[in-house]
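Me: I am new to this structure and would like some help reading it. Could we go through it together, feature by feature?

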Amino acid sequence: QVQLVESGGGLVQPGGSLRLSCAASVSLYTMGWYRQAPGKQRELVATITRGGSTNYADSVKGRFTISRDNAKNTEYLQMNNLKPEDTAAYYCHAVDVLGHGSWGQGTQVTVSS
């Protein structure tokens, strides 16, 4: 079973930055980040394929950057100009070559002054 370990969440002031990391136990095809705020459904933040093709939610375009290091089986989410509405639990998601998906345990991001 694929294991995904996230790190990098925390408390930051509006306008600040955070970098999330997700380390996978195996090589994976598509990796991505989702988030879930209290009382809301989990939503897509960004995805990246093994070849480097990216996709972003409109709400984070221009502020967040997803990247990955295939040699380390790790993906990253650089979040800049954070807003209070970015506050949520952020989850790493990955899909293997057979199409099986796995989730990380989640890391909390809180944007508040």
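Reply: Happily! Keep in mind that this is a predicted model. Let us start with a pair of charged residues: D86 is buried, and R35 is buried as well.

Me: Which salt bridge do D86 and R35 form, and where in the chain does each sit?

Reply: Their side chains meet in a salt bridge, at 2.9 Å from N to O. This pair links distant parts of the chain, with D86 in the loop between β8 and β9 and R35 in strand β4, 51 residues apart.

Me: Which other residue does R35 meet in a salt bridge?

Reply: The side chains of R35 and E43 do so at 2.7 Å, N to O. R35 has a relative accessible area of 6%, so it counts as buried, the cut-off being under 20%. E43, at 37%, is partly exposed.

Me: How many salt bridges are there in the whole structure?

Reply: A search finds four. Another one joins K61 and D58 at 3.1 Å, N to O, and D58 is exposed, with a relative accessible area of 64%. Through shared partners, salt bridges join R35, E43, R63 and D86 into one network.

Me: How should I read the nonpolar core?

Reply: In soluble globular proteins, nonpolar side chains tend to be buried together. Here the largest nonpolar core has 28 residues, and W33, L77, M79 and Y90 have the most contacts inside it. Elements giving two or more residues to this core include β4 (30-36), β8 (74-79) and β9 (88-95).

Me: And what lines the largest pocket?

Reply: Its lining has two nonpolar, four polar and seven charged residues. The pocket holds about 160 Å³ of space, and R35, A37, K40, E43 and E85 are the lining residues closest to its centre.

Terms used: Residues are numbered from 1 along each chain as its sequence is written. This is a predicted model: local features need pLDDT of at least 70, side-chain atom pairs count only at pLDDT 80 or more; totals for chains, interfaces and linings use all residues. Side-chain values use heavy atoms; hydrogens and water are left out. On a 1 Å grid over the protein atoms alone, a cavity is a set of points where a 1.4 Å probe fits but cannot get out, and a pocket is an open set with protein on both sides within 12 Å along at least five of seven lines; lining residues have an atom within 4 Å of a point. Grid points are joined across faces, edges and corners, and a volume is the space filled by probe spheres set on the points. Ala, Val, Leu, Ile, Met, Phe, Trp, Tyr, Cys and Pro count as nonpolar, Asp, Glu, Lys and Arg as charged, and the others, Gly among them, as polar. A nonpolar core is a set of buried Ala, Val, Leu, Ile, Met, Phe, Trp, Tyr and Cys residues joined through side-chain atoms within 4.5 Å. Buried means under 20% relative accessible area, exposed over 50%, partly exposed in between (1.4 Å probe, protein chains only). Helices (H or I, at least four residues) and strands (E, at least two) are DSSP runs, numbered from the N terminus.
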